[in-house]
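Please look at the structure below with an eye to how its terms are justified. The turns that follow set each value against its definition.

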Amino acid sequence: MNINKQLSKVKIPVVVMSTDSYSDVWNHFFALLEKYWPNDSLELYLITETKIPEIDNVNVVNIKSNNWSGVLLGGLKKIAGQHVILILDDMLIVEKVNQDLIKKTFNFIQLNNDIACITIGGNDTTRVECEYKDNPNFLLVAQDSPFRVTTSPSIWNKKHLIELIEEGESPWQFELNGTRRAKNNHVFFLNLKKS
């Protein structure tokens with residue numbers, strides 16, 4: 001399927017995963033997001049434990065858990081829709097986002113249930129990649145690639161993401177252990193090519 005067809009008309013859920021201890025970065029994070037990704041087609045969520053900041057146009061999802069993956073898992077289950085863009089609170093957006101490309105990529109994953117994740121940001125050079133089905137927009141992350149599962153900004157099929165999460169893990173443990181858990185599943189992990 002061509003990435004340029006059928007742009008998504010629904011609001012795109014952008015989930016910012018955080019923790020109460022990082023509340024001092026929230027205003028800065030969302031100010032940068034508004035500056036570099038101003039878009040009324042986004043539906044913004046902040047997942048954290050107990051704090052409820054007053055930030056315009058941000059839906060706060062509170063989940064009481066004593067670990068990062070428990071908070072993420074509980075938060076994802078409260079957010080409607082089959083796909084989300086997941087960004088960690090320390091991944092500050094510092095340059096203009098190609099909104100049209102993100103919309104097209106979001107639409108592409110919606111039309112392909114066998115894709116678990118499309119990484120749209122980050123600089124991980126350790127992932128083993130090759131072209132994906134002759135599609136010039138994406139690189140396929142190999143099944144045995146290190147960090148097949150990543151916390152870099154990504155568009156996720158929420159069902160596949162939830163299946164990879166185990167309670168009690170930190171973000172780093174989720175990347176390592178999630179990569180091991182994803183090794184034998186039959187879904188695709190892609191990287192959006194940098195233009």
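Q: What makes helix α5 stand out in the lining of the second largest pocket?
A: In this predicted model, where local features need pLDDT of at least 70, side-chain atom pairs count only at pLDDT 80 or more and totals for chains, interfaces and linings use all residues, helix α5 (residues 171–182) gives the most to that lining, with 3 residues. Residues are numbered from 1 along each chain as its sequence is written, and side-chain values use heavy atoms, with hydrogens and water left out. Helices (H or I, at least four residues) and strands (E, at least two) are DSSP runs numbered from the N terminus.

Q: Why is this space called a pocket, and which residues lie nearest its centre?
A: A pocket is an open set of points on a 1 Å grid over the protein atoms alone, where a 1.4 Å probe fits, with protein on both sides within 12 Å along at least five of seven lines, and lining residues have an atom within 4 Å of a point. The second largest pocket is lined by 17 residues, of which Leu88, Asp90, Thr151, Pro171 and Trp172 lie nearest its centre.

Q: What makes β4 and β8 paired strands?
A: Two strands pair if DSSP finds at least two bridges between them; β4 (residues 83–88) and β8 (residues 154–157) have 4 bridges in the antiparallel sense, so they count as paired. Ser154 in β8 is the bridge partner of Leu86.

Q: Why is one side of β3 and of β6 left without a neighbour in the sheet?
A: The open sheet of 9 strands has the order β3-β2-β1-β4-β8-β5-β9-β7-β6, with mixed pairing. Because β3 (58–62) and β6 (129–132) stand at its edges, each has a single partner strand.
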